[in-house]
Amino acid sequence: MTRTALYTGSFDPVTNGHLDVLRQACSVADRIVIAIGVHSSKAPIFSAEERAEMLREVCGPVLQERGVALEVVTFSDLAVEAARRHGASLIVRGLRDGTDFDYEIQMASMNAAMAPEVQTVFFPASPPVRPITATLVRQIAGMGGDVSAFVPGLVAERLKATFNRP
């Protein structure tokens, strides 16, 4: 029986922190559905299609190496509804610090009340990627800073092109 996990986020852009969580999630799932949240209140720097393409290119080899199937989708409703739609019994979340934990445990509790058949699994960020956030990466890249230590090479190139940096 295939165990499917749903990993939600904006992934704008995908970071080394996201990859860290995905590597860990491979230990609990045979199939991972990365679900890109698409919400009208957010103005991403990359379109959903661009983010999906980057996720497939960057995450695909990582999951394939571990024998885990990858699917990349978008969603604009509740994560538990996306989990149900894609046959996921797990929702994967990464934790960088106590602030993340406080927020994520509340979200997991609400999700459990709405969909008791879907379990949230937390993975702590590895020390080297703990400070990385997509928000900080966007800010650094937008100001011409070098983000190559925080994102995969392909993503760093796309950020440079987006912000017209040499």
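**Exercise 1.** How much space lies in the largest pocket? Describe the lining of the largest pocket as well.

*Solution.* The model is predicted.

Step 1. The largest pocket holds about 1,200 Å³ of space.

Step 2. Its lining is made up of 46 residues, and those closest to the centre are Thr-8, Gly-9, Ser-10, Arg-93 and Glu-104.

Step 3. Two or more lining residues come from each of β1 (4-9), α1 (16-25), α2 (48-65), β4 (90-95), α4 (98-114) and α5 (134-142).

Step 4. By residue class, the lining of the largest pocket divides into 22 nonpolar, 14 polar and 10 charged.

**Exercise 2.** Which element gives the most to the lining of the largest pocket? Compare the span of that helix with the expected value.

*Solution.* Step 1. The element is α4, with 9 residues in the lining.

Step 2. From first C-alpha to last, the 17 residues of α4 reach 24 Å, which is close to the 24 Å expected at 1.5 Å a residue.

**Exercise 3.** Which residues of α4 are buried, and which are exposed on the other side? Work out why the buried ones line one face of the helix.

*Solution.* Step 1. Under the 20% limit for relative accessible area, the buried residues of α4 include Asp-100, Glu-104, Ala-108 and Asn-111.

Step 2. Viewed down the axis of α4, the buried residues fall within an arc of 65°, so they line one face of the helix.

Step 3. Thr-99, Gln-106, Met-110 and Ala-113 are exposed on the other side of α4.

Step 4. The packing partners of the buried residues of α4 are α3 (79-85), β4 and β5 (119-124).

Key
Residues numbered from 1 in each chain as written. Predicted model: local features only at pLDDT ≥ 70, side-chain atom pairs only at ≥ 80, totals over all residues. Heavy atoms only, no water. 1 Å grid on protein atoms, 1.4 Å probe; cavity = no way out; pocket = protein on both sides within 12 Å on 5 of 7 lines; lining within 4 Å. Points joined across faces, edges and corners; volume = space filled by probe spheres on them. Helix = DSSP H or I, 4+ residues; strand = E, 2+ residues; numbered from the N terminus. Nonpolar A, V, L, I, M, F, W, Y, C, P; charged D, E, K, R; others polar. Expected span 1.5 Å × (residues − 1). Buried < 20%, exposed > 50% of the residue type's maximum accessible area, 1.4 Å probe, protein only. Arc of directions from axis to C-beta. Contact = heavy atoms within 4.5 Å.
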